[in-house]
Number of protein chains: 2
Amino acid sequence: MARTASVDLPEASRQPTETQAKIITVAAELFAKQGYHATGVAELGRAVGLGAGALYHHIGSKEELLLTIVRAHLEDMHAFGTGVLAGAGTAVWQLHELARNHMRLVAHRRTELLVMMRELDSLTGQRRADMLALRDAVEDIWNEVVRRGIAAGELADVDPMFIKVVLGALNYSLVWFQPEGPETPEQMADRILDMVLKTP
Amino acid sequence: MARTASVDLPEASRQPTETQAKIITVAAELFAKQGYHATGVAELGRAVGLGAGALYHHIGSKEELLLTIVRAHLEDMHAFGTGVLAGAGTAVWQLHELARNHMRLVAHRRTELLVMMRELDSLTGQRRADMLALRDAVEDIWNEVVRRGIAAGELADVDPMFIKVVLGALNYSLVWFQPEGPETPEQMADRILDMVLKTP
């Protein structure tokens, strides 16, 4: 887990073209619905109205497409977390910010998060290694906030495992959280965190 | 969520024959590795050394096979939970028993649990409805323990959401728990529960 300190993060994804964005959206839906391996390139082409040749021109390969979906998601989490970590605020406040952002993704980018969680292991070779490193880097931001909070005496009694518990609870909320209410993603995040985080 | 009180649980699975047991094991591994939809019956037959006809004779259909895997897992959890609920012990002790059992499954029946979590939604119609009801029935056992604990004054301050948090943390441990140690599944379950459960 400590290996992310020196990890080379993959090159940031470029802004997709309009056609690429459409392909990504449709692919995420198909991957979430029936799985990555079961989704054929021909089927994907039909869903977006492109032949296989044109599809490959826009996306490279099916695995490249999965990588794009997973990477965009992890990069967003990483960028948000880096901003929180660089900013002011107590460790408790920073943890709440991270949790709120995670719950907003559960509420508003459910499909992409589902694909990330279920299909990250479908990536192979360097792509898989890069995404696992990026996922670790996201988790390391949580760890760093906790380390600082403990050093500052703010989180003296926190079990380091608590990050695993919170991330598990946040991810599992994909199964049960109702984006339409009554609680907002931010309220739900605060409630989950307050339950696990025993602050003085 | 309260709908499980009157649910008709599906007929308990019969003991599989030796051939069926082998097919189930191989199928669970393939479903976990590459996904249910991407696993063909022909491929499955080759992996167990049976032609498609013989395979169908033993298992009925691919969906029936997925149902068998998911159902066995949920039935085990349900049976264990029913036993805990019917037994003696405080609510806190019963919660620890449920959590320990869940972590034992994470440690020792990782493949089946992964299939259950990822592929339950691949079931269709009545099969899917039955398994969702069974999953709710398992969760209702946790809820019932908490209800009794609150009624007895033992869990006065517990947020009812805590069950979602604990189940999320336990399920997510599939990603990070090391069955070879240093902590046993039971110790890890206790540690997670103690973190979330603020007992007086």
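This is a short dialogue on reading chain A's fold and one helix pair in chain B of a predicted model.

Me: Which elements make up chain A, helices or strands?

Reply: Start with the element count. Chain A has nine helices and zero strands. Read from the N terminus, the order is α-α-α-α-α-α-α-α-α.

Me: What does the radius of gyration say about chain A?

Reply: Set it against the value expected of a compact globule. For 200 residues that value is near 16 Å; chain A has 18 Å, which agrees. Then look at the box. Along the principal axes, the C-alpha atoms of chain A fill roughly 60 × 40 × 25 Å.

Me: How many of the residues in chain A are buried?

Reply: Of its 200 residues, 38% are buried. Add the contacts. Among those in chain A with a separation of 6 or more, 77% join residues 24 or more positions apart.

Me: Now chain B. At what angle do helices α5 and α8 cross?

Reply: Take distance and angle together. In chain B, the axes of α5 (residues 91-108) and α8 (residues 162-176) come within 9 Å and cross at roughly 20°. Angles under 35 degrees count as roughly parallel, so α5(B) is roughly parallel to α8(B).

Me: What is the handedness of the crossing between α5(B) and α8(B)?

Reply: The crossing is right-handed.

Me: Which residues make the contact?

Reply: List each side. α5(B) supplies Ala99(B), His102(B), Met103(B) and Val106(B). α8(B) supplies Val166(B), Leu170(B), Ser173(B) and Leu174(B). Sorted by class, the contact has six nonpolar, two polar and no charged residues.

Definitions and conventions. Residues are numbered from 1 along each chain as its sequence is written. Chains are lettered from A and ligands numbered from 1 in the order in which they are written. This is a predicted model: local features need pLDDT of at least 70, side-chain atom pairs count only at pLDDT 80 or more; totals for chains, interfaces and linings use all residues. Axes are lines fitted to C-alpha atoms, for helices over the stretch in contact, and angles run from 0 to 180 degrees between N-to-C directions. Helices (H or I, at least four residues) and strands (E, at least two) are DSSP runs, numbered from the N terminus. Angles under 35 degrees count as roughly parallel, over 145 as roughly antiparallel, 65 to 115 as roughly perpendicular and the rest as oblique. A crossing is left-handed if the near helix is turned anticlockwise from the far one by less than a right angle, and right-handed if clockwise. Two residues are in contact if their C-beta atoms, placed from the backbone, lie within 7 Å. Ala, Val, Leu, Ile, Met, Phe, Trp, Tyr, Cys and Pro count as nonpolar, Asp, Glu, Lys and Arg as charged, and the others, Gly among them, as polar. The radius of gyration is taken over C-alpha atoms; the globule rule is 2.2 Å times the number of residues to the power 0.38. A residue is buried if 20 or more other C-beta atoms lie within 10 Å of its own, exposed if 12 or fewer, and partly exposed in between; C-beta atoms are placed from the backbone.
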